[in-house]
Amino acid sequence: MHIIFDGPVRLELEQKHVVLELDRVQLPDHSDFTTAYCVLENIPFQELSIIEKLKDWHLELIQAYRARDWDQCLSGLARLKGQWGGQVDSFYDIIYERVKIYKDTEPGADWDSVVRM
């Protein structure tokens with residue numbers, strides 16, 4: 001798995017590879033955030049027939065996270081963990097840890113899901 005940031009390269013890569021949205025990130029000394037994506041090249045053969053479903057589930061997870069729907073996040077994570085040949089599991093683990101915290105202590109009203117570096 002490779003990590004890229006939003007831009008023209010992402011559009012090119014999406015023509016040949018699976019590209020999944022990850023976090024919105026604000027880099028030091030930048031006022032705007034950018035979006036991080038992962039590029040998957042080696043999809044297990046047994047998952048090829050369900051790629052579109054997996055992409056939909058991943059998108060639903062990202063949307064639930066940004067909407068603060070923690071229960072939906074946990075449900076999505078349970079469905080997605082181990083998919084993509086395990087390539088995205090480290091990201092799913094990070095989201096799981098965040099969601100556990102946010103379920104116990106709701107983030108403030110100014111929370112926008114952007115990771116500030």
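These legends describe close-up views of one predicted model.

**Figure 1. The whole chain, with four helices and four strands.** The chain holds four helices and four strands. Read from the N terminus, the elements run β-α-β-β-α-α-α-β. The radius of gyration is 15 Å, close to the 13 Å that the globule rule gives for 117 residues, so the chain is as compact as a globular protein of that length. Its C-alpha atoms fill a box of roughly 40 × 35 × 20 Å along the principal axes. Of the 117 residues, 41% are buried. Many contacts span long stretches of sequence: among those between residues at least 6 apart, 64% join residues at least 24 apart. The chain exposes about 7,100 Å², and carbon and sulfur atoms supply 52% of that area.

**Figure 2. Confidence along the predicted chain.** The average pLDDT of the chain is 94. A score of at least 70 is reached by 100% of the residues. Where is confidence lowest, and where is it highest? Helix α1, residues 8–13, is lowest, with a mean of 91. Helix α3 is highest, at 98. As a general caution, predicted coordinates should not be read in detail where pLDDT is low.

**Figure 3. Helix α4 and its buried residues.** Helix α4 covers residues 89–104, which makes 16 residues. From first C-alpha to last, α4 reaches 23 Å, close to the 22 Å expected at 1.5 Å a residue. Which residues of α4 are buried? They are Asp89, Phe91, Tyr92, Ile95, Arg98, Val99 and Tyr102. An α-helix has 3.6 residues a turn, so residues three or four places apart point the same way. The buried residues of α4 pack against two helices and two strands: α2 (51–66), α3 (70–80), β2 (18–26) and β4 (114–116).

**Figure 4. Asp23 in strand β2.** Asp23 lies in strand β2. Asp23 is buried because its relative accessible area, 12%, is under the 20% cut-off. Leaving out residues up to four places away in sequence, Asp23 touches Thr34, Thr35, Ala36, Arg66, Phe91, Ile95, Arg98 and Val115. Among these, Phe91, Ile95 and Arg98 are buried residues of α4. Tyr37 is 14 residues from Asp23 along the chain, and their C-alpha atoms are separated by 7.4 Å.

**Figure 5. Ile51 in helix α2.** Ile51 is a residue of helix α2. Its relative accessible area is 14%, so Ile51 counts as buried. What does Ile51 touch, not counting residues up to four places away in sequence? The partners are Val18, Ile43 and Trp84. Gly108 is elsewhere: 57 residues along the chain from Ile51, with 35 Å between the two C-alpha atoms.

**Figure 6. Trp84 and Gly85 in the loop between α3 and α4.** Both Trp84 and Gly85 are found in this loop. Is Trp84 buried or exposed? Trp84 is buried, at 0% relative accessibility. Gly85 is partly exposed, at 48%. Trp84 has a positive phi of about 60°, although it is not a glycine. Most residues other than glycine have a negative phi. Gly85 touches Pro44 and Glu47, not counting residues up to four places away in sequence. The C-alpha atoms of Gly85 and Ile43 are 6.4 Å apart, with their positions 42 residues apart along the chain. Ile43 is also one of the residues that Ile51 touches.

**Figure 7. Ser113 in the loop between α4 and β4.** Ser113 is found in the loop between α4 and β4. What is the phi of Ser113? The value is near 70°, positive in a residue other than glycine. Ser113 is buried, at 3% relative accessibility.

**Figure 8. Cys38 and Cys73, outside any disulfide.** A disulfide is a covalent bond between the sulfur atoms of two cysteines. The cut-off for the sulfur pair here is 2.5 Å. By this rule the chain has zero disulfides. For Cys38, the nearest cysteine sulfur is that of Cys73, 16 Å away. For Cys73, the nearest is that of Cys38, also at 16 Å. Cys38 is buried, with a relative accessible area of 0%. Cys73 is buried too, at 0%.

Technical notes:
Residues are numbered from 1 along each chain as its sequence is written. This is a predicted model: local features need pLDDT of at least 70, side-chain atom pairs count only at pLDDT 80 or more; totals for chains, interfaces and linings use all residues. Side-chain values use heavy atoms; hydrogens and water are left out. Buried means under 20% relative accessible area, exposed over 50%, partly exposed in between (1.4 Å probe, protein chains only). The expected span of a helix is 1.5 Å times one less than its number of residues. Contact means heavy atoms within 4.5 Å. pLDDT is the predictor's confidence in each residue, from 0 to 100. The radius of gyration is taken over C-alpha atoms; the globule rule is 2.2 Å times the number of residues to the power 0.38. Accessible areas come from the Shrake-Rupley method with a 1.4 Å probe; for residues, only the protein chains shown count as cover.
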